[in-house]
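Please look over the sequence and the model below before reading on. The paragraphs after it are meant to be read with the structure in view.

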Amino acid sequence: MTTTAPGARSANSPISTPVKREITTKPRFSDKVFRGVATAGGLSSLVILGLILIFLGYQGFQVLRSEGFGFITGSNWQVMQDNAGNTDLAASTFGIAAMLIGTLLCAAMAVVIAVPISVLCALYLTFYAPQLLKKIMVAVIDLMAAFPSILFGMWGFFILMPHVEYWGRLIHKYFSWIPLFKMEIPVFTRSPFVAGVVLAIMIIPIITSVSREIFSQTPLDRVQAAYALGATRWSMIRAVVIPYGRSGVVGGAMLGLGRAMGETVAVYTVLNLVYQINWHVLIGAGGNVASMILLKFGEAGPTETRALMAAGLVLFLLTLLVNSIANTIVSRTGGKGR
Amino acid sequence: MSTVTVPKVKPTRPWKRTPKQQALMAANLLISAVVSYFVVLATPMKGKLAYLAIFFIAVIAINFAESYFKSGLAAAKDSIATSFAAAGLIIAVVPIFSILFTIFDRGRAGLNFNLFLHDMKSNGPNDPLGQGGLLHALVGSGIMVGIALLISLPIGILTAIYLTEIKGIYSRPIKFLVQAMSGVPSIVAGLFILSAIVFPITKSSSGLMGGLALSILMIPTIARTSEEVLLLIPNDLREAGVALGGTQWRTISLIVVPAAKSGLITATILGLARVAGETAPLVLVSGGGDAVNPNPFHAPMGSLPFYIWKGFTYGTPESIARSWAGIFVLLSLIFLLFIAARTLSGSGAKK
């Protein structure tokens, strides 16, 4: 009697040879459909951004072509009408330099005010705060990031403005030798400075949470090494945390800058919108591109609306640029990014 | 068997402040307050700002002196840094509490039950506060945010699935673009809907347009939060699904997504909270009617942000009180959404 190894085929067995199955990594039909749908969903962000570019560009093309580079460098916004009452594109001038400068000025001021506060706050939450306080404060600051901008606008207008005007007077009194703070006519109400402070309060939660995330990723061995060498908390932060997190904080600041540049309603509510180039931040006149679009949209004719679309395109490209740089910096620092 | 009596030892907490240290701290704050009071009295500096500044300087100086004589210069520097960091937190948090207090304080006057039963069809913003309401705004906001949710939820979650599960060749650029998209200013979203749909096709504003504009702002929030949630699902689950013979589609739809359910709901809620208060795009595209309009395809539609906006720009005491009441309602909704998101993500993490 011969024993057959289990699984080996005996000579008289009726069982036929199993067909050799193909081993493959080729996806099934259902997977192909699924992958296709998910890829389409993933590409939607590309499609939407592309469509924004195309449609704003298409609508603004006429104005951009007639104004050329002057659309960005000029600072006149005059709508001329011909005898029939239609807008005369050749005679009208559209230039958004005044508002672009206002945008950059307000946003830059906001970042200058917000960054030190946010970084100190993030340091405190990461390295100093007791666990319970930290938990509560992180939730509170996250909640603040979800506050709608009209709320900041109204609060800024009714509650904050009197205080900020007073601070403005103080700054004017002691620092008017700095050209930025100079002013001939003492009108402190609704100035770009007020808008800057409101925007700063709006972007503090963003910069704080980015910085906090970066700081908490500081390699623990280096932190402990610093402590083991006898460092105090502050010298540990200076020697380890700040070199590690510096570029991440810069990225967070730029994210805040992007948010501040695109802010519409809060700026519209607190700022006295005047179409002129105003470098003196304490004088109550200024504007930014987004709030100008909102202001002029109501009574704009067809051509002016096209000009506003072109302004929107410029704003879109500007914020896209700032945000892209910011995201690149943050994700490079923090490993997984935000 | 003999019983061993364990001596009861109270756990010590050497890092905790002793009563003596606490007394010293209280004394420090008290002395600083007294100093600031007298300095403001004696010098020409006046105002709350002066009190605060001198108080802060005095606290730092006393802390500095104390730790300098106790532990030397390095510890003294550390105490200064601690004071500054704490000041940073206080400055960051004061506006939040001021905002919450203001809303409660000013919103109270305009709050009554009528708000939720009536619209502003037959009332002007200048009427006494008991008349009219924001029913139209609540309905409109609900419909528009609902439309935005219907569009953004599938797209956002598909994007997140593409980024975490499929990891195709476009992963890196798409991740980059989603991040870029979350920085699109809200007014640009409104302008885009105007230029792409309202001007060439419908030629009139409606609730649908508002919903579309909101969805542009909502997609990146949902996509990014969902991506983070899906990344937290352990790879073992995916491998187990595939090892049981599941295709990728069945693994993801029957294992990964259900496992991440509470996190995905959190992502959705955060997306809702993000767009519920958006004002600028709605002012551009939704029209903002005063009557309840349940049809998103036709006629202007009101919304909470628009209601607040209208009351504020009208500028009379009554209309502004209406705005504050509107903000009270809006923020309560956002607050509820936020708490729901926190609770869900908290319970998801415990499992």
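What follows goes from the overall build of one chain to its domains, its contact with the partner chain, the nonpolar core and a few single residues.

The model is a predicted one, and chain B is a convenient place to begin. Chain B holds 13 helices and zero strands, and, read from the N terminus, its elements therefore run as an unbroken series of α entries. The radius of gyration of chain B is 28 Å, whereas the globule rule gives 20 Å for 351 residues, so chain B is more spread out than a compact globule. Measured out along the principal axes, which is to say computed from the C-alpha trace, chain B spans about 75 × 70 × 50 Å. Of the 351 residues of chain B, 44% count as buried, and among the contacts in chain B with a separation of 6 or more, 70% join residues that are 24 or more positions apart.

The domain assignment divides chain B into domain 1 (19–94) and domain 2 (135–350), and the C-alpha centres of these two domains of chain B lie 45 Å apart.

Where does chain B meet chain A, and what kinds of residues does it bring? The contact takes 71 residues from chain B and 70 residues from chain A. On the side of chain B that touches chain A, helix α3 (residues 73–110) of chain B provides the largest share, with 20 residues, and the residues of that side comprise 51 nonpolar, 15 polar and five charged.

The largest nonpolar core has 183 residues, of which A:A110, A:V198, A:L199 and A:I203 touch the most other members. Helix α3 (residues 97–128) of chain A gives the most to this core, with 19 residues, while domain 1 (19–94) and domain 2 (135–350) of chain B each supply at least three residues. In soluble globular proteins, nonpolar side chains tend to be buried together. Leaving aside residues up to four places away in sequence, A:I203 touches A:A110, A:A114, A:G256, A:R259 and A:A260.

Helix α5 (residues 171–181) of chain B gives a closer view of packing that involves both chains. Its buried residues are B:I174, B:K175, B:L177, B:V178, B:Q179, B:A180 and B:M181. The buried residues of α5(B) pack against α1 (29–67) and α11 (302–333) of chain A, and also against α4 (135–166) and α7 (207–232) of chain B.

Two residues of chain B can serve to close the tour. B:F192 lies in helix α6 (residues 186–202) of chain B; is B:F192 buried or exposed? B:F192 counts as buried because 30 C-beta neighbours lie inside 10 Å, where 20 or more are needed. Not counting residues up to four places away in sequence, B:F192 touches A:I52, A:F55 and A:L56 from chain A as well as B:I216 from chain B. The C-alpha atoms of B:F192 and B:L212, which are 20 residues apart along the chain, are separated by 9.9 Å. B:S332, for its part, is placed in helix α13 (residues 317–350) of chain B, and B:S332 is exposed because 12 other C-beta atoms lie within 10 Å, the cut-off for an exposed residue being 12 or fewer. Between the C-alpha atoms of B:S332 and B:F176, 156 residues apart along the chain, the separation is 34 Å.

Note on methods: Residues numbered from 1 in each chain as written. Chains lettered and ligands numbered in written order. Predicted model: local features only at pLDDT ≥ 70, side-chain atom pairs only at ≥ 80, totals over all residues. Contact = placed C-beta atoms within 7 Å. Helix = DSSP H or I, 4+ residues; strand = E, 2+ residues; numbered from the N terminus. Nonpolar A, V, L, I, M, F, W, Y, C, P; charged D, E, K, R; others polar. Rg over C-alpha atoms; globule rule 2.2 N^0.38 Å. Domains from an automatic or database assignment. Core = buried A, V, L, I, M, F, W, Y, C linked by C-beta atoms within 7 Å.
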